[in-house]
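Biologist: I am new to this structure. Please take me through one part of it closely, the packing of two helices, and then show me what lies around it.

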Amino acid sequence: MNDSESLADREWRVIREDIRPGAMQMALDEVAGETAAAGGPRTVRVYRWDPSCLSLGYGQKPETVDWDYCEKQGIDVTRRPTGGGGIYHDNYGDVAYSIVAPKDELPGDLIDCYHLLCTPILDALRSVDVDVDFVEDDVPVIWHPACYLRALHPAHDMVAEGRKIAGNAQYRRRDAVIQHGSITYSVDAHSHLSVFDGHEVSPEAFRERVVGIDELADVSRAEFVEALTESLIDFVDAEEGSWTDDELARARERVEEQYESEDWVRRRPGSKR
C-alpha cells in the first residue's frame with residue numbers, strides 16, 4: 001500500500017486548523033499515531049501555534065536557545081521527537097500540518113515515503129501559484145542549530161525561487177508514521193533569529209535563504225490554510241473529524257509528562273529522556 005489511491009481506501013479524518021500551544025501540538029501528533037496504530041482513523045490536519053513557539057530538534061543543544069528572549073517575548077519552547085534544528089513557528093507566519101498513518105500502509109523507503117506524503121503539500125502551494133519543488137542542488141549550511149539555515153536535503157526540503165519555503169520531518173511511534181511540516185506564509189526574520197543564541201546571522205542573510213508565500217502569491221493566510229486543508233482531504237478522501245475526549249486527555253498527560261517538562265525541553269544530546 002504505497003500510493004494515494006490505496007491510502008484513500010482507508011478511514012481518514014481531517015482536523016481543520018487546530019490552534020493550540022506547541023507542546024499540545026506535539027502531543028496530539030503522537031496520540032494520533034497511537035490511534036492509527038490501534039486501528040482507529042488515520043489523521044490529516046492543519047495546525048497553528050498559539051502562542052508563537054520555538055520547537056527544538058530532538059538532539060539540539062539547549063545552549064543554542066536565547067531563553068531570556070523567548071521568556072520576555074512570550075514565546076513557548078518545546079522539543080520535537082524529530083531531528084533537525086530549531087524552528088521558530090510564528091503564530092501568523094507559520095502554517096503547520098501533519099499526516100499520520102500505520103507504518104505498514106506506507107512505503108518502507110524513507111525518501112519514497114516523504115515524497116508520497118509531501119504530494120498534497122506541493123499541490124496546495126502550486127494551487128495558489130507558488131512555483132515550488134524539492135530542492136535539487138546542494139545548498140550549504142549557514143548555521144547548523146537553526147533548521148531553516150541548515151544544508152537543504154532533496155528528500156524533505158521545498159524551495160521556491162531558490163529559497164526554502166517548507167520543511168518536513170518524520171518519526172515512527174508504535175507502528176505508525178507521523179509526518180509533520182512547517183510551511184512559511186510570512187517571514188519574520190528578526191524573531192526567527194532572535195530566539196537563538198550564539199550566531200551572527202543577519203536578517204538579510206536569513207531572507208536570502210527563506211521565502212514566504214506572501215512574497216510570491218496574492219493569497220491571504222486564511223485562503224492558503226483552506227487550500228492546504230482541501231489538498232489534504234483530496235489526497236486521502238478524508239472525512240470531517242475531531243479529537244476524541246480520550247485523545248485530548250492523553251495528549252494533556254503527555255504535555256505534562258514530556259513536552260512541557262524541563263527534562264525534555266532542556267535535555268542534552270545523548271541523555272536517556
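Modeller: Take helix α2 (residues 22-37) and helix α10 (residues 245-259): their axes come within 8 Å and cross at roughly 125°. This is a predicted model. An angle over 145 degrees would count as roughly antiparallel, and 65 to 115 as roughly perpendicular. The crossing fits neither range, so α2 is oblique to α10. The crossing of the two helices is right-handed.

Now look at the residues that touch. From α2 come Ala23, Met24, Met26, Ala27, Leu28, Glu30, Val31, Glu34 and Thr35. From α10 they meet Glu247, Leu248, Arg250, Ala251, Arg252, Arg254, Val255, Gln258 and Tyr259. The spacing in such lists has a background: an α-helix has 3.6 residues a turn, so residues three or four places apart point the same way.

Asp246 also lies in α10. Its relative accessibility is 48%, so Asp246 counts as partly exposed. Asp246 and Val31 are 215 residues apart in sequence, but their C-alpha atoms are 9.8 Å apart in space.

Follow Tyr259 next. This α10 residue is among those that meet α2. Tyr259 also forms one aromatic cluster with Tyr58 and Trp264. Tyr58 has a further partner: the charged end of Arg267 sits over the Tyr58 ring, 4.3 Å from its centre. A similar arrangement involves Trp67. There, the charged end of Arg266 sits over the ring, 3.8 Å from its centre.

The count of aromatic pairs comes to 5, with ring centres within 6.5 Å as the rule. Tyr92 and Tyr185 have ring centres 5.7 Å apart and planes at 90°, so this pair is edge-to-face. The pair links distant parts of the chain, 93 residues apart. Tyr92 is in the loop between β5 (87-89) and β6 (94-102). Tyr185 is in the loop between β10 (176-184) and α6 (189-194). The two rings belong to residues with unlike surroundings. Tyr92 is partly exposed, with a relative accessible area of 43%. Tyr185 has 4% relative accessibility and counts as buried, because the cut-off for buried is under 20%.

One more helix rounds off the tour. In α5 (residues 119-127), the buried residues include Pro120, Ile121, Leu122, Ala124 and Leu125. Asp129 follows α5, and its phi is positive, near 70°.

Notes: Residues numbered from 1 in each chain as written. Predicted model: local features only at pLDDT ≥ 70, side-chain atom pairs only at ≥ 80, totals over all residues. Heavy atoms only, no water. Phe/Tyr/Trp six-rings, centres within 6.5 Å; stacked < 30°, edge-to-face > 60°. Helix = DSSP H or I, 4+ residues; strand = E, 2+ residues; numbered from the N terminus. Buried < 20%, exposed > 50% of the residue type's maximum accessible area, 1.4 Å probe, protein only. Lys NZ or Arg CZ within 6 Å of the ring centre and 35° of its normal. Axes fitted to C-alpha atoms, helices over the stretch in contact; angles between N-to-C directions. Parallel < 35°, antiparallel > 145°, perpendicular 65-115°, else oblique. Left-handed = near helix turned anticlockwise from the far one by under 90°. Contact = heavy atoms within 4.5 Å.
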